[in-house]
Every structure is written in C-alpha cells, then in structure tokens.
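Here are my notes on this model, set out as numbered points. Please read them with the structure open.

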Amino acid sequence: MKIEQAKQIASKAIEELSQALEAGHSEKLREYLGAMARFHRYSWHNVILIASQRPDATHVAGFHTWQQLGRFVKKGAKGIMILAPIVHKKSKEDVSEEKQTQTAVSFRAVYVFDQVDTDGKPLAELSSAEGDPSGYTEKLKQFVALRGIQLEYSDSIYPAQGQCTAEKITLLPGQSAAEEFNSLAHEVAHSLLHFTERRGETTKRVRETEAEAVAFVICEAIGLKAQNSVDYIHLYSGDKETLTSSLECIQRTCAEILAAIAPSE
C-alpha cells in the first residue's frame, strides 16, 4: 500500500513538473536539479519523492543512521517516504550455474528524516568550494583520464568554451577556475551521455540542455554556484516518459561523476 502511495506522490510530482514546463516555467525543474545535487546518492525517483514532500530538506538519513551519527529523531517528526531496494538471491532453478550470482530486486517503502528533525551531536561541516573548485578540477581530470579520454586545450575552438568527441575533450585555455570546472563538467556529461545509441534519439538542443543540467548539479554539489542561462524547458517535448528518462540519465551521470570526485561527501 505504501509503495503505491510513493508511486502516486512521484507521479503527481512529474505531472506537475510537466505542466509547469508546458506552461513555459522551468523554475520547478531547476529546484529538482538543486535537490539532485543535495541528494546525489539517491535515485531520481527518490530525489523527486524527497523534494516533493520536503522541498527545504538539506541532509536526510534513516532513523538508525542518525543514531549512528550521534543524533536522534525528534519526537513527532514526520518522515519522508522513499523506496528502498530489497535484493533477493535467485534460486538455482532460476539461473544457470554460470550466473548464480544474479539477483532480483523489489522495493519497500521506508522513511528518512531531514537534519532539522534531529538533535544531538553536531555534524561535521561538508567541504564547500565557495566559488573555487579547488582540487575538484584535478579529480575530474583524473576521472576523464581513467575513462581513456584525451584532454587538451586549444584556442582554435573559440568562442566555444569546450568541445567533445568520443575520444577527446578540448577546453578553451584562459578560463577562470570556476569556468574551467563548469566547462569540463559539461563536456564530461556529453562524453558519458551522448556517444551511445541515445544520440540518435535526442536533438542537439536536448543534448546541450542535458549536459548543462549535469554541470549545474555537479557545481551545486561541490558548492560552486553555476551561472548559466539555460532554459531547462528544452528537456520537455510534450512527453512525460521522455522527460523522466532524460532526468534519470542526468541523475545517473551526476552520481557517477560525484562518486569519483567527491566520494566522502
């Protein structure tokens, strides 16, 4: 029953988001991208569940996790419903001998609580770039190198700040530290998202908007304020399923990048 309730909450949020984009308003989607930055370890489905139930949530965790952190959930606090996976080992009858490690996944409804609904031991301050990406740029460059992608700088791409092919990312030299990080994040997003079969399923405008959305989330997640003028309405083409698919791809890409450059945050 609770699973159906969670699905209804998410479905209603997507419906309202679609209506807002159709009416020409992208502020709501920008809010969801901000939530994606704060909760990048969660699936897109759970991000939208958290953001639609508690738009002002900053740090969430389960009851027992807060206890492990030396904090306790305040009496009467209202939990935020999300879906947690249940992993089942398949029986030998269900899989071949070579694939007995495969698993089947189902879900159950659980509750998490925002930090403001807890009390106790102060939390350690998360690092913040404060307008300077600091060491994150080098970590992102390492991520690029580990994927076998060449990174170079060239004035020949001006006025573009970055360009990307399947094997190479080129950045414009002379950018500020913040601009360089944002440009690199944008091109890494292209590299991860748009050199697969999806390229033929999306328009250039959608691809650019997806890459900019990823860069926005990555910058927000490390405390770097992304200054862009992209209108995220371009992610919506009148099809809610296509919008959801695009947002899921953005979330997975952000999660992969942030797991590499900010694993402890």
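1. Both Tyr32 and Trp44 are buried. Keep in mind that this is a predicted model. The two residues sit in separate helices: Tyr32 belongs to α2 and Trp44 to α3, with their positions 12 residues apart in the chain. Their ring centres are 6.0 Å apart and the planes stand at 80 degrees, so the pair is edge-to-face. The cut-off behind that label is a plane angle over 60 degrees.

2. A further ring pair is Phe39 with Tyr42. This one is also edge-to-face, at 6.3 Å centre to centre and 85 degrees between the planes. Phe39 has a relative accessible area of 3%, and is therefore buried. The total for the model is two aromatic pairs.

3. Now the helix packing around Trp44. Two packed helices are described by the angle between their axes and the distance between the axes. Helix α2 spans residues 27–38 and helix α3 spans residues 44–53. Their axes come within 9 Å and cross at roughly 115 degrees. The helices α2 and α3 are therefore roughly perpendicular. The crossing is right-handed.

4. Which residues make the contact of α2 with α3? From α2 come Tyr32, Ala35 and Met36. From α3 come Trp44, Val47, Ile48, Ala51 and Ser52. By class, this contact holds seven nonpolar residues, one polar and no charged.

5. Helix α1, residues 2–22, also packs on α3. The angle is about 80 degrees and the axes are 9 Å apart. That makes α1 roughly perpendicular to α3. On the α1 side the contact uses Ala6, Ile9, Ala10, Ala13 and Ile14. On the α3 side it uses Trp44, His45, Ile48, Leu49, Ser52 and Gln53. The contact of α1 with α3 has eight nonpolar residues, three polar and no charged.

6. Trp44 deserves a second look. Trp44 takes part in the contact of α2 with α3, and Trp44 is listed in the contact of α1 with α3 as well. Ile48 and Ser52 appear in the α2 contact and again in the α1 contact.

7. Is Asn46 buried or exposed? Asn46 lies in helix α3. Its relative accessible area is 7%, so Asn46 is buried. Setting aside residues up to four places away in sequence, Asn46 touches Ile82 and Leu83.

8. Thr244 brings in a later part of the chain. Thr244 is located in helix α8, residues 240–261. With a relative accessible area of 21%, Thr244 is partly exposed. The buried class stops short of this value, as it requires under 20%. Beyond its neighbours within four places, Thr244 is in contact with Ile14 and Trp44. Thr244 and Ser18 are 226 residues apart in sequence, yet their C-alpha atoms are 9.6 Å apart.

9. One backbone item to check by eye. The peptide bond from Tyr158 to Pro159 is cis, with omega near 10 degrees. Pro159 sits in the loop between β6 (150–153) and β7 (162–164).

10. Finally, the overall numbers. The protein has eight helices and eight strands. It has 265 residues, and 43% of them count as buried. Among contacts with a separation of 6 or more, 66% join residues 24 or more positions apart. The contact of Thr244 with Ile14 and Trp44 is an example to inspect.

Conventions:
Residues are numbered from 1 along each chain as its sequence is written. This is a predicted model: local features need pLDDT of at least 70, side-chain atom pairs count only at pLDDT 80 or more; totals for chains, interfaces and linings use all residues. Side-chain values use heavy atoms; hydrogens and water are left out. Axes are lines fitted to C-alpha atoms, for helices over the stretch in contact, and angles run from 0 to 180 degrees between N-to-C directions. Helices (H or I, at least four residues) and strands (E, at least two) are DSSP runs, numbered from the N terminus. Angles under 35 degrees count as roughly parallel, over 145 as roughly antiparallel, 65 to 115 as roughly perpendicular and the rest as oblique. A crossing is left-handed if the near helix is turned anticlockwise from the far one by less than a right angle, and right-handed if clockwise. Contact means heavy atoms within 4.5 Å. Ala, Val, Leu, Ile, Met, Phe, Trp, Tyr, Cys and Pro count as nonpolar, Asp, Glu, Lys and Arg as charged, and the others, Gly among them, as polar. Rings of Phe, Tyr and Trp (its six-membered ring) pair if their centres lie within 6.5 Å; planes under 30 degrees apart count as stacked, over 60 as edge-to-face and the rest as tilted. Buried means under 20% relative accessible area, exposed over 50%, partly exposed in between (1.4 Å probe, protein chains only).
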